[in-house]
Structure formats: structure tokens, C-alpha cells
Amino acid sequence: MLSGGGATGAFELGVLKALVSGRAPVTRNRPLQIDSIAATSIGSFNAAVLLSNYHERWDEAVAALESVWVDRIASPRAISPNGVFRYRPDFLRWFDVSLWLTPWQPVREFAGDATYLARDWMERVSGFVSGSGGLAHRFVELFDMSTFITPEPSEQLVRATVSPARIRESRVQLRVTATQWKNGMLRLFANPDFTDESAAGIVRASSAIPGFFPPVPIGGEPFVDGGVVLNTPLKPAIDAGADELHVIYLDPELGAVPLRPVGSTIDTIGRMFIASFASTMKRDLAVAAAVNRDIAAGRRRDGHRSVTIHLYHPRVDTGGALGMLDFSRQRIVELAELGFRDAIGHDCRAASCLNVSRSHP
């Protein structure tokens, strides 16, 4: 089970690498065999790339995912663009020496960005002047951070790295979440939904963080990040038939996130989301633990079964909301290594895993 967390998704890569290589004690040092994956947000991208490269060898699929993160997503230098998004307009691009060989590329980008921003600003000013809401409401509508971020690189990335046919034909069950932006309802996508026309949209919609990226249309309906409603999709994983879950979620320990001496809106929003996600996670784990206790006591209900849940997540500050957008190569490598070490040194009792025998590491 792969949760959302933007650039922190590299942590999932590290955990997966340890689990499928047979180096993790939690699998008794045997390569993990995966029957189903439930994912949301960046976890959906990781899952889609995995299944697109899975040929009965999970270590090869994870190696392909690692190559995508390091070679296609990561920005090699601080001023270089990454493979997920680009700022609009990005003046720092002019200081990237590698672009001097193709100077027309940043010129075309700047021209396209200027046209887009001018059109968007005209629409917002028109709405401010002719809108029917109050002055304060119309003033707020003048500003939208996502206007200055273009997700075009992520669209190109998904189309280049995700194979809809392989996902549809895979024996591994895939469950991807996205949020219907009109009504706030959770939508679950399975393997057959990954048609050639819809697959890229599903992956991008599941990762479209509101406020940073615009909604992605699927079947004429706008969708955003599945993490808005369910950032750690435990229930879809269990509904898919899983009885032993390896849950990789990207929320750090709230106590590890320092309270800044001088607060900011971004830090406040980031801390709020961490607290909310942690609360939902605890609630879902409590439900699973209660079901396990009922079954152990002989109070089995129809459709309920005992499940084992192994938990992995960063226990250090991962940079909050801005950290989710930091795709620098050094940080990605460090997060992957952090996830690898977490799985190699995994202790079920310390991690509060559920329904684990005393003999289990």
C-alpha cells in the first residue's frame, strides 16, 4: 500500500527495494511477492510504473522505478527543472548553461507562459469586475498559486513511463484513488479502468495536489489528489483480498516536525495535514485491530477476516508542504536510502504493526 506525499514518494522506492530484494527481516529475508497494490497520489505513480515494468521479477520492476526517479524526475542542479512540474515563468532557467545549446526552448516556454498568464489574468480581472459575490470574495479569486505552476512535465513523464496495456493485463490487482472535485467523493480505479485514453489522466489526477496543480478531467469530470479524502487507502487494499499488508505511508512523526519560531501559512497548512492524516491512519488501524480481536475471540462477521499490517514511514521531518515539491536529486537519493534503511532495520513491535506473531522480526 503506497500513500501520497509528493517528492517524499522516493521513500517508498527505498522500502520497496529492500522488501523485494530479500534483505528485509520482516519478510524473513525472502523477496516479497506482491499480489495487489492500493495507492494514492505519488503512490499511484509508483504503482503504475511498477506494473508497467513487471515481468515476473519485482526486483527488476523496482530497479526501473528507481531509474525513473533518479534519471527522469530528479533535478540534477538547484536551478534545473524537474520531471514533475515547472514554474511559470521560470527565469532561473536562463541561468542553466545546458540550455545555451538550445536557446529557443526557454524562449518558446517564456512566450507560452506569458500568453497563458495574460489570458488567465484577464479572466480573473473580468470576474472581479463583473462578479456577483462580495468584494472580499472577488478579491480572493484574483489569486491562484497553481496559475504559476505548469504540470506539463508530469503529463509527459506519465505518458513516457506508464504502459496502460501492461496494467490492464497484469495479474497484480491495482487500486488507485482520486477525488471527484465537484462533490468530494472518493473514486476507486482498478486495472480495467486504465484504458489507453484514461490511464495517464488517472495517474495524474490521483497526484493533482489542490492549490498546486489544476484538476485533471476524466470522462468529463474534474478529479484531484486521492489524498484529499483517503491518503492511506487501507480499506481498498483489504477489499482487494490482501491478508498481509505492507503499508508505506509518508507522514512523519508529528513530534519530529519542529514548530517554527516564526510561523507561516505554508508551515501551518503542512502541519495541519500531517495531523489530519495521522488521525485518519490511527482510526483505520484501530478498526483493523478491533476486527482482528473479534475474530480471535470467535466473533467473526460476514466479510471480515484477520489481517496483518506492517507499517513503514519516515520518523524525521521531511520538509512539510514545501518538501513535497523538492525533487532535487540529492534529496531523492537520501529519501530512498532512508526508506531502505527503515525496511532493513524494521522492528514490528517498535513500529506497532498489527497481528504479528512473537517470532516475527
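Me: Happy to start at a charged side chain: what is the relative accessible area of arginine 341?
Reply: Keep in mind that this is a predicted model. Buried means under 20% and exposed means over 50%, with partly exposed in between. Arginine 341 counts as partly exposed because its relative accessible area is 48%.

Me: Which side chain meets arginine 341 in a salt bridge?
Reply: Both partners lie in helix α12, four residues apart, which is about one turn of the helix. The N to O distance is 3.9 Å, and a salt bridge needs the nitrogen within 4 Å of the oxygen. At 37% relative accessibility the partner counts as partly exposed. The side chain that meets arginine 341 is that of glutamate 337.

Me: What span would be expected for helix α12 at 1.5 Å a residue?
Reply: Helix α12 covers residues 329-344, so it has 16 residues. From its first C-alpha to its last it reaches 23 Å. That is close to the expected span, which is 22 Å.

Me: Which elements are included in what covers the buried residues of α12?
Reply: The residues to be covered are Arg331, Ile332, Leu335, Ala336, Gly339, Phe340, Asp342 and Ala343, which are buried in α12. The elements in contact with them include three helices and a strand, namely α1 (10-21), α3 (58-73), α11 (320-323) and β9 (308-312).

Me: How about another helix: which strand is included in what covers the buried residues of α4?
Reply: Helix α4 runs over residues 104-130 and reaches 39 Å from its first C-alpha to its last, close to the 39 Å expected for its 27 residues. Its buried residues are Pro106, Glu109, Asp113, Leu117, Asp120 and Arg124. What covers them includes β2 (86-87).

Me: Moving on to helix packing, is α6 parallel, perpendicular or oblique to α8?
Reply: Two packed helices are described by the angle between their axes and the distance between the axes. For α6 (residues 152-161) and α8 (residues 199-206) the angle is about 130° and the axes are 9 Å apart. The contact is made by Ser154, Glu155, Val158 and Arg159 of α6 and by Ala200, Val203 and Arg204 of α8. An angle of about 130° is neither 65 to 115 nor over 145, so α6 is oblique.

Me: Which residue forms a salt bridge with glutamate 221?
Reply: Side chains of opposite charge can pair when their charged atoms come close. Here the closest N and O atoms are 4.0 Å apart. The pair links distant parts of the chain, 39 residues apart, with glutamate 221 in strand β7 (residues 221-225) and its partner in the loop between β4 (173-180) and β5 (186-190). Glutamate 221 is partly exposed at 32%, whereas the partner is exposed at 66%; that partner is lysine 182.

Me: How far apart are the closest N and O atoms of arginine 299 and aspartate 294?
Reply: Aspartate 294 counts as partly exposed, at 23% relative accessibility. Aspartate 294 and arginine 299 form a salt bridge, and their closest N and O atoms are apart by 3.0 Å.

Me: Finally, how many salt bridges does the structure hold?
Reply: Besides pairs such as arginine 299 with aspartate 294, there is a network that links Asp35, Glu56 and Arg171. The total for the structure is 15 salt bridges.

Conventions:
Residues are numbered from 1 along each chain as its sequence is written. This is a predicted model: local features need pLDDT of at least 70, side-chain atom pairs count only at pLDDT 80 or more; totals for chains, interfaces and linings use all residues. Side-chain values use heavy atoms; hydrogens and water are left out. Helices (H or I, at least four residues) and strands (E, at least two) are DSSP runs, numbered from the N terminus. Buried means under 20% relative accessible area, exposed over 50%, partly exposed in between (1.4 Å probe, protein chains only). Contact means heavy atoms within 4.5 Å. Axes are lines fitted to C-alpha atoms, for helices over the stretch in contact, and angles run from 0 to 180 degrees between N-to-C directions. Angles under 35 degrees count as roughly parallel, over 145 as roughly antiparallel, 65 to 115 as roughly perpendicular and the rest as oblique.
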